[in-house]
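Biologist: I should like to go through the terms applied to this model one at a time. Please set each value against its definition before drawing a conclusion.

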Amino acid sequence: MVFKTLRSFGLIPIAAYGLLLGVSSFADDPSKDTRSEKAPIANASMIDAPTVNAPAPGSEGDTLTKEDARMALLIYKLLDKEGKFRNPNLKRGETLFYQNCRPCHGEDGRRMNLGSYAKPVYLGERAREDLPTFWYQMNFGDDGRNMEAYYDEFTVDEMVDIAAYAQTFE
């Protein structure tokens, strides 16, 4: 299910790019990145490709968009091996949800059907079963559903807390 979701969402290229650059590219402090600008790809022969140099994060050659970076951050840094958020603060998530999300999504996340009439999908199910889509929409919005983007309003930790709290809904 996760692989199918990642493939359908187009995250396989993002994941490959993340591996190419290394997880340290998504660290909060880029000055702590110890890779050189001309570091070769590890195990390049395993992918039957010639050795190439990865661009330094934030350099002119780095074409990773903020959307790609935030999605790769989710996959590589924020989730554990079971796909659960690492150490969320559910109390803060609840507070932030009630302050910012409840007006549209309701007390229990069931005010808005995110699926179809025949197969309704509510916020809790989307957060648990389709986390990449949930995370993307929470970060960058969804014009078709009038969902605001919160990329610049919340820290990553606050978004993790909100998402983890939303996963508790039935």
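Modeller: Relative accessible area sorts residues into three classes: buried means under 20%, exposed over 50%, and partly exposed in between, with a 1.4 Å probe and protein chains only. The model is predicted, so local features need pLDDT of at least 70 and side-chain atom pairs count only at pLDDT 80 or more, whereas totals for chains, interfaces and linings use all residues. Residues are numbered from 1 along each chain as its sequence is written, and side-chain values use heavy atoms, with hydrogens and water left out.

Biologist: Why does Asn87 count as exposed?

Modeller: Exposed requires over 50%, and Asn87 has 75% relative accessibility, so Asn87 counts as exposed. Asn87 is placed in the loop between helix 3 and helix 4.

Biologist: What makes the phi of Asn87 notable?

Modeller: Most residues other than glycine have a negative phi. The phi of Asn87 is near 50°, a positive value in a residue other than glycine. Asn146 also has a positive phi, near 60°; Asn146 lies in the loop between helix 7 and helix 8 and is exposed, with a relative accessible area of 70%.

Biologist: How many helices and strands are there in the protein chain?

Modeller: Helices (H or I, at least four residues) and strands (E, at least two) are DSSP runs, numbered from the N terminus. By that definition the protein chain has eight helices and zero strands.

Biologist: Why are helix 3 and helix 7 called oblique to each other?

Modeller: Axes are lines fitted to C-alpha atoms, for helices over the stretch in contact, and angles run from 0 to 180 degrees between N-to-C directions. Angles under 35 degrees count as roughly parallel, over 145 as roughly antiparallel, 65 to 115 as roughly perpendicular and the rest as oblique. The axes of helix 3 (residues 66-78) and helix 7 (residues 131-140) cross at roughly 135° and come within 11 Å. Helix 3 and helix 7 are therefore oblique to each other.

Biologist: Which residues make the contact?

Modeller: Contact means heavy atoms within 4.5 Å. Among the residues that make the contact are Arg70, Met71 and Leu74 of helix 3 and Trp135, Tyr136 and Phe140 of helix 7.

Biologist: What makes helix 8 mostly covered?

Modeller: Of the eleven residues of helix 8 (residues 156-166), ten are buried, including Val156, Met159, Ile162 and Tyr165. The cover over the buried residues of helix 8 includes helix 3, helix 4 (90-100), helix 6 (123-129) and helix 7.
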